[in-house]
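Colleague: Thanks for sitting down with me over this one. Could you take me through the model, one question at a time?

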Amino acid sequence: KEHALIQILPRVEYYADLMQISHLYTNVKTTSANTKRWSCSSRGVLMFHRKLSKCPISIVDYVVVHELAHLIHFNHSRNFRSLVEEYHPQYKISKRRLKENWNGLWLW
């Protein structure tokens with residue numbers, strides 16, 4: 001649990017500062033639940049699956065930017081996708097790699 005936070009929290013802080021939305025998130029937590037990999041609550045709580053910390057940094061950055069973008073757009077609209085792309089231009093590649101490799105993370 002602590003290892004995952006050590007890996008993910010600095011990326012959250014970096015991108016939240018870069019996106020100028022540090023004031024919008026209230027907490028960062030990790031989970032090992034099988035039902036949800038990551039989420040963002042309307043109260044600003046960001047939740048990330050612990051396995052994410054085993055991913056390459058580009059994948060971690062994509063997920064972090066995706067969840068932070070939900071603090072501005074709580075949907076998957078065109079504006080949301082544009083915001084994600086602004087801060088992670090290669091997000092489509094990262095998204096595809098994540099989808100293709102999530103179940104075999106231990107192989108990375």
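Modeller: Happy to; we can go from the overall fold to single side chains. This is a predicted model, in which local features need pLDDT of at least 70 and side-chain atom pairs count only at pLDDT 80 or more, while totals for chains, interfaces and linings use all residues. Residues are numbered from 1 along each chain as its sequence is written, and side-chain values use heavy atoms, with hydrogens and water left out.

Colleague: In what pattern do the helices and strands follow one another along the sequence?

Modeller: Helices (H or I, at least four residues) and strands (E, at least two) are taken as DSSP runs, numbered from the N terminus. By that count the protein has four helices and three strands. Read along the sequence, the pattern is α-β-β-β-α-α-α.

Colleague: What radius of gyration does the protein have, and what would a compact globule have?

Modeller: The radius is taken over C-alpha atoms, and the globule rule is 2.2 Å times the number of residues to the power 0.38. For 108 residues that rule gives a value near 13 Å, and the protein agrees with it, at 13 Å.

Colleague: Which residues of helix α4 are buried?

Modeller: Buried means under 20% relative accessible area, exposed over 50%, and partly exposed in between (1.4 Å probe, protein chains only). Seen down the axis of α4 (residues 91–101), the buried residues fall within an arc of 60°, so they line one face of the helix; the arc is that of the directions from the helix axis to the C-beta atoms. The face turned away from them carries the exposed Lys92, Lys99 and Glu100. The buried residues are Tyr91, Ser94 and Leu98.

Colleague: Which elements do those buried residues of α4 pack against?

Modeller: Packing here rests on contact, meaning heavy atoms within 4.5 Å. The partners are β2 (38–40), α2 (57–69) and α3 (78–87).

Colleague: Are the rings of Tyr62 and Tyr91 stacked or edge-to-face?

Modeller: Rings of Phe, Tyr and Trp (its six-membered ring) pair if their centres lie within 6.5 Å; planes under 30 degrees apart count as stacked, over 60 as edge-to-face and the rest as tilted. Among the three aromatic pairs, Tyr14 and Tyr15 are edge-to-face, at 4.9 Å centre to centre and 85° between the planes. For Tyr62 and Tyr91 the centres are 6.4 Å apart and the planes at 20°, so this pair is stacked.

Colleague: How many residues apart in sequence are Tyr62 and Tyr91?

Modeller: Tyr62 is buried at 7% relative accessibility, and Tyr91 is buried at 9%. Tyr62 lies in α2 and Tyr91 in α4, so the pair ties together parts whose separation in sequence is 29 residues.

Colleague: Which residue meets Arg11 in a salt bridge?

Modeller: A salt bridge is a side-chain nitrogen of Lys or Arg within 4 Å of a carboxyl oxygen of Asp or Glu. Arg11, in helix α1 (residues 2–18), is linked to a residue of α2 that is 50 residues away. Arg11 is partly exposed at 21%, whereas its partner is buried at 7%. At 2.7 Å, N to O, that partner is Asp61.

Colleague: And which residue forms a salt bridge with Glu100?

Modeller: Glu100 is exposed, at 55% relative accessibility. Its partner sits four residues apart from it in α4, about one helical turn, and is partly exposed at 46%. With 3.6 Å from N to O, the partner is Arg96.
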